[in-house]
Amino acid sequence: MGSIFDSLEQHDYGEIHFKRDAASGLKAIVAIHDTRLGPALGGCRFIHYDTDAAAITDALRLARGMTYKAALAGIPHGGGKSVIIRPRTQFDRGAIFRAFGRFIDDLGGHYITAEDSGTGIEDMEVVRQVTEHVTGVKPEHGGSGDPSPFTALGVRRGIEACVKFALQRDSLDGVHVAVQGVGHVGYHLCREVHALGAKLTVADIDPLKAERAQRELGAEIVSLDAIFETECDVFAPCALGSALNDETIPRLKCKVVAGAANNQLAEPRHGDDLMQRGILYAPDYAINAGGLVNVAAEVTGYDEARSRARTMEIYDTIYEIAERAQAAMAPTYRIADTMVEERLAAVG
Ligand code: NAD
């Protein structure tokens, strides 16, 4: 990384905030990418970083992604993300998160925090003691609970849109879905599509999770490698990032790729590869926004039915992306980016 301002320019940024609190040992960064659509919303990571530069880069990269996800989901928020550098020596977790809460409060609602890797509901409860600009708290404090079922609902809606567009089928009855990773979102996704008559094949590094899908939903289990080669209608990556790369794409035997994982394309050009192979790809940040829609609802007063209705609309977003991609003969990931840029430009 060069200078801080070079880095801001490279990631197309205006704002980054730093806080060091000597008493608690807090070292935190808040990156605010864009607030044209509303206050920045995004989770707080609490993990180890080898260098301060790595922490800054992580915050900048993630916050930008949040701008795109929120804009496409149509929620009134910009993109932000925070990072607390996890100390390598003993620390007082409560003191760190109280200090972090004061930092967030000083930003006056310009950034609203939430859970992310390394943080949980208890941490957000500590943050809540010192600031109102926090989501992901307990339901009795207006929290929305586990986002995974909402993420899965949105992915199911995205799959329905892709199946309609690519296979001209109005229902998932008899549609074969291969799910890579049946953790929080993957399992709920399996339940969603199974309830609509889909046939399931699953793979997970944790055999107990795969077996649960087999036992409860009649899923066929295949190896971690074989999931890519499963002859199916829809391949749903729901594990880690970069599932779509030079090695895996040539092996795919599906017509649609639509899943929950973040950063599914190892590089943007892999979205072009999928298009060339006639595979319809639902851009990750467009299809997996259900959890964000749900958590954002906490800001205005949580209403589960309204969150559900908003998440159902992911169908329309994915269908529009597919239509525009076909008309422009362009890859879907690029169309999704264009739609975000149009929405941001419209507010000036
Ligand atoms: P999770 O950790 O609960 O589930 C991931 C599952 O993938 C685990 O069961 C794990 O054993 C399995 N796995 C890991 N590597 C694998 C491999 N190589 N092959 C097969 N299985 C493998 O996580 P999650 O909350 O379900 O999230 C899944 C993905 O969706 C992540 O990329 C996450 O960033 C993204 N996402 C999640 C949410 C949410 O609401 N939880 C929202 C948006 C995006």
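## A tour from the core outwards

Let's begin inside this predicted model. Select Ile159, Val177 and Val179: of the 51 residues in the largest nonpolar core, these three touch the most other members. Next, highlight helix H5, residues 148-167, which gives this core eight residues, the most of any contributor. Now colour domain 1 (2-141) and domain 2 (148-288 + 315-344); the core draws at least three residues from each of them.

Zoom in on Val177. Which residues does Val177 touch, leaving aside those up to four places away in sequence? Show Ile159, Val193, Ala198, Lys199, Leu200, Thr201, Val234 and Ala236, and you have the list.

Then move to another spot by selecting Phe46, Phe97, Tyr111 and Met124. They are among the 21 residues of a second, separate core.

Time to zoom out and switch to a cartoon view. The chain holds 14 helices and 12 strands. Show the C-alpha trace and turn it around: along its principal axes it spans about 60 × 45 × 40 Å. A compact globule of 348 residues would have a radius of gyration near 20 Å, so the chain's 20 Å agrees with that expectation.

Try displaying contacts as well. Among those between residues at least 6 apart in sequence, 66% join residues at least 24 apart.

Finish with the surface switched on. The accessible surface of the chain comes to about 15,200 Å², and 49% of that belongs to carbon and sulfur atoms. What share of the 348 residues is buried? Buried residues make up 55% of the chain.

Notes
Residues are numbered from 1 along each chain as its sequence is written. This is a predicted model: local features need pLDDT of at least 70, side-chain atom pairs count only at pLDDT 80 or more; totals for chains, interfaces and linings use all residues. Side-chain values use heavy atoms; hydrogens and water are left out. A nonpolar core is a set of buried Ala, Val, Leu, Ile, Met, Phe, Trp, Tyr and Cys residues joined through side-chain atoms within 4.5 Å. Buried means under 20% relative accessible area, exposed over 50%, partly exposed in between (1.4 Å probe, protein chains only). Helices (H or I, at least four residues) and strands (E, at least two) are DSSP runs, numbered from the N terminus. Domain bounds come from an automatic or database domain assignment. Contact means heavy atoms within 4.5 Å. The radius of gyration is taken over C-alpha atoms; the globule rule is 2.2 Å times the number of residues to the power 0.38. Accessible areas come from the Shrake-Rupley method with a 1.4 Å probe; for residues, only the protein chains shown count as cover.
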